[in-house]
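Hi,

Here is the structure I said I would pass on. Have a look at it first, and then read on for my notes.

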Amino acid sequence: MNKTIRRASVFCLLMVLALLVRATWVQAYEARALADDEHNRRNTIAQYAQPLGDIIVAGSPVTGSKETDGDDLRYKRTYTQGDLYAAVTGYSSQAYGATQLEGIYSDVLDGTDDRLKNPADMLTGERTDPGDVLTTIDPDVQKAAYEALGDDRGAAVAMDPESGRILGMVSSPSYDPSDISGTTDGDAWQKLLDDTSKPLVNRALRQPLPPGSTFKLVVASAALENGLYGSVDEPTDSPDPYTLPGTSTVLSNENPSAPCENATLRTALQYSCNNVFAKVAADLGQDKLKAMADAFGFDTEELDVPVRASQSVYPTGMDKAQTALTGIGQFEVTATPMQMAMVSAALANGGELASPHMVSKVTDSDGSTLQEFPDGDTERVVKASTAKQLRSAMVTVVDEGTGSNAKIDGAKVGGKTGTAQNGVDNSNTPYAWFTSYAKDDSTGKQVAVAVVVEDSGAARSEVSGNGLAAPIAQKMMKAALKG
């Protein structure tokens, strides 16, 4: 054979072999990566080729699917009362992806989860009927929170202290996920992005803010757990006025005539005495306070309910004056409403924190359980005696102190108000907080709630936890106890 021809033949053979190797590599190793690529439109076409499974609230779907007109994406997502449940469901959009429960359980809801497939489906690759996601949400609590927040910018969370079930979760302002579920909703999407009030942000889980005086419950817990004071009725060593350690800055109380000098922890919670809790924080030190905060759930990087909550933070590396300021929920302390609901829930549940969750189970199309989330998975936060004393002090706050707007006939209600500074030198409208628990006197049913109002449009002088946040919490607790 001609030498040139032989070389050309060998070269061609090597090229063919290279192509075969490359094809084998793509099929064997890169097929999944290519299939899962976000730019592979076949995935989106397949996802919306049939109706999606549903997210269920109290036995009824709050989602649906609607056939489109002539598009290669045959079905699109619809929502029942979308604004009401947006903080729970998130959105599923043909153009913008999926968030929250829609995103976490997208494989179940579109039928591609391997747990939905029988052996024959696994071999053929056939798409199976989609499954459903059953939530723990109580529609009455959800509606009460949504209507009570109204046009206020803020968020609210309610949970069952014993089981950890999230009964209500609302973020305001909200939005209707139906408006952005298709491929031609660019204007609606851009309007949401441009809105300075950030309706797409789930404030209940994803926006930590200074918790203000609601954090005093954590400080009081640390004082009792560490033996700084023996009971909530023991006088403290708390001068009034109190000067922050190492500074000339005098810390004032909102009510100058309140009996805050050397007040007991009960009285200090009742009147929200800054001097007491700043002094307690300075006396305990940041390490003990951080340990207590972390036991309640602060500084947890993976708090999944199952939507990932942003980390609530108790800072470190502080001097004594800064530590004192954390005692009143300021300096660099931040918390989500979910976190502050967990604080009240742990105290209501005898010092044990039940793992918060808003999904009870995931099922296939026949209702068989694929995944279940157990109730009552608890961790000890404080001693039962500490929790009992603080519940009593929280009741005093509602019955005789700053939380009077949370009272409910026929129920024992305990709470803590908070007004947190916002902006440099508190130049912006303060945040109004309220965290609480309620127990029905006749049934023993319980609920824990946290509410933050970021902006209600009220005059600065009218902003308070009792005035703005407590009435919202009261309506949520009343709805939960009635159910």
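Before the notes, one cut-off: a residue is called buried here when its relative accessible area is under 20%, exposed when over 50%, and partly exposed in between. Please also keep in mind that this is a predicted model.

I'll begin with the salt bridges, since that cut-off comes in handy there. The whole structure has 16 of them. Take Arg153 and Glu454, whose side chains meet in a salt bridge at 3.8 Å, N to O. It links distant parts of the chain: Arg153 sits in strand E8 (residues 153-159) and Glu454 in strand E20 (residues 446-455), 301 residues apart. Is each partner buried, exposed or partly exposed? Arg153 has a relative accessible area of 28%, so Arg153 counts as partly exposed. Glu454 comes out at 8%, so Glu454 is buried. This pair also belongs to a network of salt bridges, in which Arg153, Arg203, Glu454 and Asp455 are linked.

Next, Arg165 and Asp375. Their side chains form a salt bridge with 2.8 Å from N to O. Here, too, distant parts of the chain are linked, this time from loop to loop: Arg165 is in the loop between E8 and strand E9 (166-172), Asp375 is in the loop between E16 and strand E17 (378-380), and 210 residues separate them. Arg165 has a relative accessible area of 29%, which means that Arg165 is partly exposed. With 37%, Asp375 is partly exposed as well.

Then there is Arg77 with Glu102, where the closest N and O atoms of the salt bridge are 2.9 Å apart. The two lie 25 residues apart, Arg77 in strand E4 (residues 75-79) and Glu102 in helix H4 (residues 100-104). Both Arg77 and Glu102 are buried.

On to the aromatics. There are 5 aromatic pairs in the structure. One of them is Tyr91 with Tyr175, an edge-to-face pair at 6.5 Å centre to centre, with 75° between the planes. Why does this pair tie together parts that are 84 residues apart in sequence? Because Tyr91 lies in the loop between helix H3 (82-89) and strand E5 (92-93), while Tyr175 lies in the loop between E9 and helix H8 (186-194). Both Tyr91 and Tyr175 are buried. Tyr91 also forms an edge-to-face pair with Trp189, at 5.8 Å between centres and 80° between planes. That pair links the loop between H3 and E5, which holds Tyr91, to helix H8, which holds Trp189, and the two residues are 98 apart. Tyr91 and Trp189 are both buried. Add Tyr96 and you have one aromatic cluster, made up of Tyr91, Tyr96, Tyr175 and Trp189.

Tyr175 turns up again in the cavities. I count 3 cavities of 30 Å³ or more, and the largest has a volume of about 70 Å³. What lines the largest cavity? Its lining is Ala86, Ala87, Gly90, Gln100, Ser171, Pro173, Ser174, Tyr175, Pro199, Leu200, Val201 and Asn202. By class, that lining splits into 7 nonpolar, 5 polar and no charged residues.

For an open site, try the second largest pocket, which holds about 700 Å³ of space. It is lined by 28 residues, and those nearest its centre are Ser213, Ser252, Glu254, Asn274 and Thr419. Strand E11 (250-251), strand E18 (411-420) and helix H17 (465-482) are the elements that give two or more residues to this lining. Which of them gives the most? That is E18, with 4 residues. The lining of the second largest pocket has 9 nonpolar, 18 polar and 1 charged residues.

Last, one of the sheets to trace. An open sheet is formed by 5 strands in the order E2-E1-E7-E15-E16, with mixed pairing. The edges are strand E2 (60-61) and strand E16 (369-372), each of which pairs on one side only. Inside the sheet, strand E7 (residues 132-135) and strand E15 (residues 359-363) run antiparallel and are joined by 4 bridges. If you want a place to start, Val133 has Val362 in E15 as its bridge partner.

Cheers

Technical notes: Residues are numbered from 1 along each chain as its sequence is written. Side-chain values use heavy atoms; hydrogens and water are left out. Two strands pair if DSSP finds at least two bridges between them. A salt bridge is a side-chain nitrogen of Lys or Arg within 4 Å of a carboxyl oxygen of Asp or Glu. Buried means under 20% relative accessible area, exposed over 50%, partly exposed in between (1.4 Å probe, protein chains only). On a 1 Å grid over the protein atoms alone, a cavity is a set of points where a 1.4 Å probe fits but cannot get out, and a pocket is an open set with protein on both sides within 12 Å along at least five of seven lines; lining residues have an atom within 4 Å of a point. Grid points are joined across faces, edges and corners, and a volume is the space filled by probe spheres set on the points. Ala, Val, Leu, Ile, Met, Phe, Trp, Tyr, Cys and Pro count as nonpolar, Asp, Glu, Lys and Arg as charged, and the others, Gly among them, as polar. Rings of Phe, Tyr and Trp (its six-membered ring) pair if their centres lie within 6.5 Å; planes under 30 degrees apart count as stacked, over 60 as edge-to-face and the rest as tilted.
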